[in-house]
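Me: I've never read a protein model before. Could you walk me through this one, feature by feature?

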Amino acid sequence: MLKVLLLFIILIAGIVLGPMFAGHQGYVLIQTDTYNIETSVTSLVIMLILLIVVLFAIEWVLRRVFRTGARTRGWFVGRKRTRARKQTREGLMKLAEGDYTQVEKLLSRNADHAEQPVVNYLLAAEAAQQRGDDLRVNQYLERASEVADSNQLPVDITRVRIQLARGENHAARHGVDALLNVAPRHPEVLRLAEQAYVKTQAYQSLLEILPSLAKANVYNDEEIQKLQLQAYIGLMNERMANGGSLELKSWWNDQSRKTRHETALQVAMIEHLIECNDHDTAQQILVDGLKRKFDERLVLLMPKLKSGNPEQLEKLLNQQIKQHGASALLNSTLGQLLMRHGEWQQASDAFRAALKQRPDAYDYAWLADVLDKLHRPEEAAQMRRDGLLLTLKQEQPANPS
């Protein structure tokens, strides 16, 4: 720009000085309806130069004025940003203290000038929710949604979290269904989905997100297994409530082989079938499970079964004793089964073997009942005394007096 100006000045100077040195300044006539303007070419050029200079001066003055205005506005904006930054820091400190009234006040004030306005509004919304002010919560969420523009994910996550805190479980479930379509692997979305599905008893949906929960490391393997068991038990309860053991058996048969071979699920299924008074199906699942893999949880369920084929359980128990050794649990369970069938002497032997391996108040009580049937009242009384002493001894640490 400066170079162009210099060239223009040199050109004008040439036009002006050339005629002067040559003795010919020229003649210019400007005529209007009311007056005439007569001047030389040299004078006209000089006036044009002066006009240009005046225009440049006016431009310089205006630039300085507007620059000063911009600086003034920048000072005010910077002051608000500094204040917003300070209030955000103070609000986060109050959040750590649990003072939600101050959190809301500090984070919402000058939030538009904060470094992350969306964060300020969302934290203010959660603080208002802690105070139970639903009107403020909605206002902050709407403002956060406006500021967030196209990135609505943080706003939607916060809205679902607040809905769960309010107990609006079905609204939260609708929200997480939409969020899973947008961010199916987001850890917080998956965590909120798990909470919403559990609270709305959407157990099939819960099972579907378990692999994603595991991949995202939201929960460890043990927690995933607990959630899986909870979901399957929930589905069992639904089937049992809808159609009893028939619906329950139909659902169980539709499951994959891997699912039907999981011991924890077998135990849950057996318990549900016993509750439905379908002991034959329950026994079949238990027998198949123990033949495939020994597990004490299945053995503990044997005395609860009242099927028409008790010999099958006794035979299975004897096989387990041969394979895994005569443990206290196996001897005690065998004794309970023999006791139920009136085989008193064999039951007595089984209970005595169990008590030799570890003292147990229940085994003492069962052995006493068996000895009564064998007409040995003195031994029965001694077993009851031993069981009572064991019970008192076990309770002594909890009751020092």
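## Reading the model

Reply: Sure, let's begin with a single residue: lysine 249 counts as partly exposed, at 25% relative accessibility. That label depends on cut-offs: buried means under 20% relative accessible area, exposed means over 50%, and partly exposed is in between (1.4 Å probe, protein chains only). One thing to know early: this is a predicted model, where local features need pLDDT of at least 70, side-chain atom pairs count only at pLDDT 80 or more, and totals for chains, interfaces and linings use all residues. Residues are numbered from 1 along each chain as its sequence is written, and side-chain values use heavy atoms, with hydrogens and water left out.

Me: Okay, what about the whole chain: how many helices and strands does it have?

Reply: Helices and strands are DSSP runs numbered from the N terminus: helices are H or I with at least four residues, strands are E with at least two. Here you get 19 helices and two strands. Of the 401 residues, 35% count as buried.

Me: How do I read the surface, and how much of it belongs to carbon and sulfur atoms?

Reply: Accessible areas come from the Shrake-Rupley method with a 1.4 Å probe, and for residues only the protein chains shown count as cover. The chain has about 24600 Å² of accessible surface, and 54% of that belongs to carbon and sulfur atoms.

Me: And contacts?

Reply: A contact means heavy atoms within 4.5 Å. Take the contacts in the chain with a separation of 6 or more: 50% of them are between residues 24 or more positions apart.

Me: Which residues have the most contacts inside the largest nonpolar core?

Reply: First the idea: a nonpolar core is a set of buried Ala, Val, Leu, Ile, Met, Phe, Trp, Tyr and Cys residues joined through side-chain atoms within 4.5 Å. The largest one has 69 residues, and Tyr197, Leu213, Ile270 and Leu286 have the most contacts inside it. Helix 10 (residues 221–254) gives the most to this core, with nine residues. A second, separate core has 16 residues, including Val103 and Leu122. If you click on isoleucine 270, you'll find that it touches Ala282, Ile285, Leu286, Leu298 and Leu301, leaving out residues up to four places away in sequence.

Me: Is glutamine 283 buried or exposed?

Reply: Glutamine 283 counts as buried because its relative accessibility is 2%. Look for it in helix 13 (residues 279–292). Its side chain reaches the backbone oxygen of asparagine 309 at 3.0 Å. Among its contacts, apart from neighbours within four places in sequence, are Leu305, Ser307 and Gln312.

Me: Which residues form the nonpolar patch on the surface?

Reply: Patches are made of residues with over 30% relative accessible area and no salt bridge; like charges are joined within 9 Å, and nonpolar side chains (Val, Leu, Ile, Met, Phe, Trp, Tyr) within 5 Å. Here the nonpolar patch is Leu48, Leu51, Val54, Leu55, Ile58 and Leu62, with about 530 Å² of accessible area together. Leucine 51 sits in helix 2 (residues 41–97), and its relative accessible area is 47%, so it is partly exposed.

Me: You just said "salt bridge". How many does the structure hold?

Reply: Side chains of opposite charge can pair when their charged atoms come close. The cut-off is a side-chain nitrogen of Lys or Arg within 4 Å of a carboxyl oxygen of Asp or Glu. The structure holds 16 of them. One joins aspartate 134 and arginine 166, with the closest N and O atoms 3.5 Å apart. That pair links distant parts of the chain, with aspartate 134 in helix 5 (residues 134–148) and arginine 166 in helix 6 (residues 153–166), 32 residues apart.

Me: Where does lysine 249 lie, and what does its pair tie together?

Reply: Lysine 249 forms a salt bridge with aspartate 278, and the closest N and O atoms are 3.5 Å apart. Lysine 249 is in helix 10 and aspartate 278 is in the loop between helix 12 (263–275) and helix 13, so the pair ties together parts that are 29 residues apart in sequence. Aspartate 278 counts as buried, at 11% relative accessibility. For another example, arginine 297 and aspartate 295 meet in a salt bridge at 3.0 Å, N to O. Glu126, Arg161, Glu188 and Arg191 are joined into one network by salt bridges that share partners.

Me: Last one: what should I look for in the loops?

Reply: Try phi. Asparagine 217, in the loop between helix 9 and helix 10, has phi near 55°, a positive value in a residue other than glycine. Asparagine 217 counts as exposed, at 64% relative accessibility. Glutamine 201 also has a positive phi, near 60°, and its place is in the loop between helix 8 (187–199) and helix 9 (203–215).

Notes:
A polar contact is a pair of N or O atoms within 3.5 Å; within protein, one must be able to donate a hydrogen and the other to accept it, and residues adjacent in sequence count only if both atoms are side-chain atoms.
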